[in-house]
Amino acid sequence: MAEFLQYFPQALTPTNLLVLVLGTIGGLFLGATPGLSPTMAVALLVPFTFYMDSATGLILLGAVYTSTVAGGAISAILINIPGAPANIATLLDGHPMAKRGHSQRALYTCFISSLVGGLFGMVVMIFFTPPLAKIALEFGPSEMFWIAIFGITVMAGLASGSIFKGLIGGMFGLWISTIGTSPMLGIPRFVFSDVLTGGVAIVPALIGLFAIPQVFSLMETYGQEQVKVDFQPRKGILWKTMKENLKMVKALSIGSVVGTIIGVIPGAGGQVAGLISYDQVRKFSKEADTFGKGNPQGVAAAESANNAMVGPSLIPLLTLSVPGSPTAAVLLGGLLIHGLFPGPDLFRSHANVTYTFIASLVLAQFSMCIFGLIMSRYSYSVMRVPNLEMIAAVTVLAVYGTYSVQNSFDDVIVMFSLGTLMYLGTKAGFSGAPVVLGIILGSIAEDNYLKGKLIAETDVGMFSYFCTGTLNLIIIGLCVVSVAYSVFSEVRQHFRKAAQKKG
Amino acid sequence: MGKDAVIGLVCLAGSAILYSTLGLIEEQRATFFPRTVIIIMGILAALLTIQGLILKKAAPAKGAGYPWARFFSLLAIILAYLGISEYVGFYLSAFLFFLAVILILGWQKLNPRKSLMTVVSSAVFTAILFILFKVILEVQTPRGIFY
């Protein structure tokens, strides 16, 4: 806490505040635009952080991460399309409210409850992250290897409908990370073209895997009619909604606590947080039958939960390099390209950057709420950006962003090739997040695997070194539980669907 | 055969092709990690195939067909954009790309006013790019023959 307070003023420098505000506005805009995911928004911005100092760059990414989650509620409420998976629960009551002519009230409730939940999550993050990071001090090569594998198994279960597809994606990412020169022997591997001589860098992979499939998806939905509601901004609604929110103590408390707990669990994600919180608030409510028909408590429950999840989802990321969501995986890429590796070192050697970043995330909650409330009045115009303009803008930004990192056109070719392949992959049910995580964690996994192998061969042998010891067994156990749970959920869902079909 | 079974077989074939390329690497000690990864990928692909054969999913309801013409048009425009950008310069090619996407893919909704607006919005977008990348970030982009 002392360090947090010590570095807090650094987040308040004019440059950092400007970046924070721009990131928030941009994030709200991108979150509100149907078809643009928060993950893609953060991925597209990673190259821009190259031109900033590490703290400022991370502030930009953090502000965008925070505000895209809240911004996604705008399209959920107004046009019944969640801007991000985290906003699925928001539309259950948000859109019925909008249909009854209470769009503005629903949007204000959304941003006020996002602030409450977000701040709660941040407090938990500030208190728990540094002590947990110290656990990573105990980690040797074998534990680090298993942590990398754990990260991939978590993302595989989270991001794909099928655990096998998720794991294949993760393995494909690990394979991509081996393209280029071998780290130990300096031998070229899988260099099928000159373009691949330097391997596949993180930024082209991030942008390609998240932006290009989105471009083609926008092309698919071009010309489709959206559900529209009447939206006429009126004065005096804000104060009324604020008073109403003060009375929603139960919904906001349940949302904040559920979101925080779910956020800490790697892989659970914002959509789970929103839906569980919504369900719990409905169960505890005396007006349970009004949920789903436009009860503002439903919006408050979902939005406080999905924003409470943001801070805690960074706890496993900053301490163990295990991201809690696909967007957090992209954020991990942002940390690594600035030379910041998750773990205790982040809170000692890079304390100024890390704590400034955490302080900015607290400020981002306020800025998200303020600009969200302002933007609510104009949100309908925000969503009118046509698909074709969006396709052109995203593609050009992807090309420029990729090129600008190393001034290399080869990177652009890699970015576009990976992106097109990923788009075809998404058609077959694959997701970009495990692939990206495989690419990011690939070098960590291989380096530690080879280091561990050297130690094991001169000491206790491969099996004893990698598969025994308390920490190794705990992490292996977590990997097994993560995969087993995903397989179980998938099989259960299959039989449930089959039963529904028969019934 | 279910869709997942076919996807599994394609992944299995991909793993086999990648495995065969391991022989091209000069020093076999450098193949240890990627070999392990490819073998695991192959096993997972086999498991996906088996899962696809056992748990057959219901065929999705037939909706509107996939917009193949639009897909190939967009792909061609992007490839042309990437092909010319180094030669005509990043900024001019971005302007032309922006224009081409809207005029070619959205031709059905075009009218004189919309066409003029497209030219203006393309020019504004290119100007923003120039200010952001050239003036603020000072990125050295290929100038090409037209800057």
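The largest nonpolar core of this predicted model holds 196 residues, and among them A:Leu206 and A:Val436 touch the most other members. Helix H4 of chain A, residues 54–79, supplies the largest share of this core, with 16 residues. Chain B takes part as well: domain 1 (3–54) and domain 2 (68–136) of chain B both give residues to the core, so the core lies between them. As a general background, nonpolar side chains in soluble globular proteins tend to be buried together.

The surroundings of A:Val436 can be described through its contacts. When neighbours within four places in sequence are left aside, A:Val436 is in contact with A:Gly173, A:Ala205, A:Leu206, A:Leu209, A:Ala329 and A:Val330. Two of these partners, A:Ala329 and A:Val330, are listed among the buried residues of H15(A), a helix that is mostly covered, with 11 of its 12 residues buried. The buried residues of H15(A) also include A:Pro326, A:Thr327, A:Leu335 and A:Ile337. The length of helix H15 (residues 326–337) of chain A can be checked against expectation: at 1.5 Å a residue, its 12 residues should span 16 Å, and its end C-alpha atoms are 17 Å apart, which agrees. Just after H15(A), A:Gly339 takes a positive phi of about 75°.

The two chains can be set side by side before each is taken in turn.

| Property | Chain A | Chain B |
|---|---|---|
| Secondary structure | 23 helices and two strands | five helices and zero strands |
| Span along principal axes | roughly 70 × 60 × 45 Å | about 55 × 50 × 25 Å |
| Buried residues | 61% of the 503 residues | 29% of the 147 residues |
| Contacts at least 6 apart that join residues at least 24 apart | 79% | 76% |

For chain A, with its 23 helices and two strands, the radius of gyration is 22 Å, close to the 23 Å that the globule rule gives for 503 residues, so chain A is as compact as a globular protein of that length.

Chain B, whose elements run α-α-α-α-α from the N terminus on, has a radius of gyration of 24 Å, well over the 15 Å that the globule rule gives for 147 residues, so chain B is more spread out than a compact globule. The domain assignment of chain B gives domain 1 (3–54) and domain 2 (68–136), and the C-alpha centres of these two domains lie 40 Å apart.

The meeting of the chains involves 44 residues of chain B, which are in contact with 39 residues of chain A. On the side of chain B that touches chain A, two or more residues come from each of helix H1 (3–21), helix H2 (32–54), helix H3 (68–88), helix H4 (90–105) and helix H5 (112–136) of chain B. H2(B) gives the most to this side, with 11 residues. Sorted by class, the side of chain B that touches chain A has 32 nonpolar, six polar and six charged residues.

Elsewhere in chain A, A:Val310 offers an example of a covered position within a helix, since it lies in helix H14 (residues 310–320) of chain A and counts as buried because it has 34 C-beta neighbours inside 10 Å. Leaving aside neighbours within four places in sequence, the contacts of A:Val310 are A:Tyr65, A:Thr66, A:Val69, A:Gly118, A:Gly121 and A:Gly263. The C-alpha atoms of A:Val310 and A:Met125, which are 185 residues apart along the chain, are separated by 9.3 Å.

Two loop residues of chain A have a positive phi without being glycine. A:Phe190, with phi near 55°, is placed in the loop between strand E2 (188–189) and helix H9 (202–221) of chain A, and with 19 C-beta neighbours inside 10 Å it counts as partly exposed. A:Asn407 has a positive phi of about 50° and is found in the loop between helix H19 (387–406) and helix H20 (409–427) of chain A; with 11 C-beta neighbours inside 10 Å, A:Asn407 counts as exposed.

Methods. Residues numbered from 1 in each chain as written. Chains lettered and ligands numbered in written order. Predicted model: local features only at pLDDT ≥ 70, side-chain atom pairs only at ≥ 80, totals over all residues. Helix = DSSP H or I, 4+ residues; strand = E, 2+ residues; numbered from the N terminus. Rg over C-alpha atoms; globule rule 2.2 N^0.38 Å. Buried ≥ 20, exposed ≤ 12 C-beta atoms within 10 Å, placed from the backbone. Contact = placed C-beta atoms within 7 Å. Core = buried A, V, L, I, M, F, W, Y, C linked by C-beta atoms within 7 Å. Domains from an automatic or database assignment. Nonpolar A, V, L, I, M, F, W, Y, C, P; charged D, E, K, R; others polar. Expected span 1.5 Å × (residues − 1).
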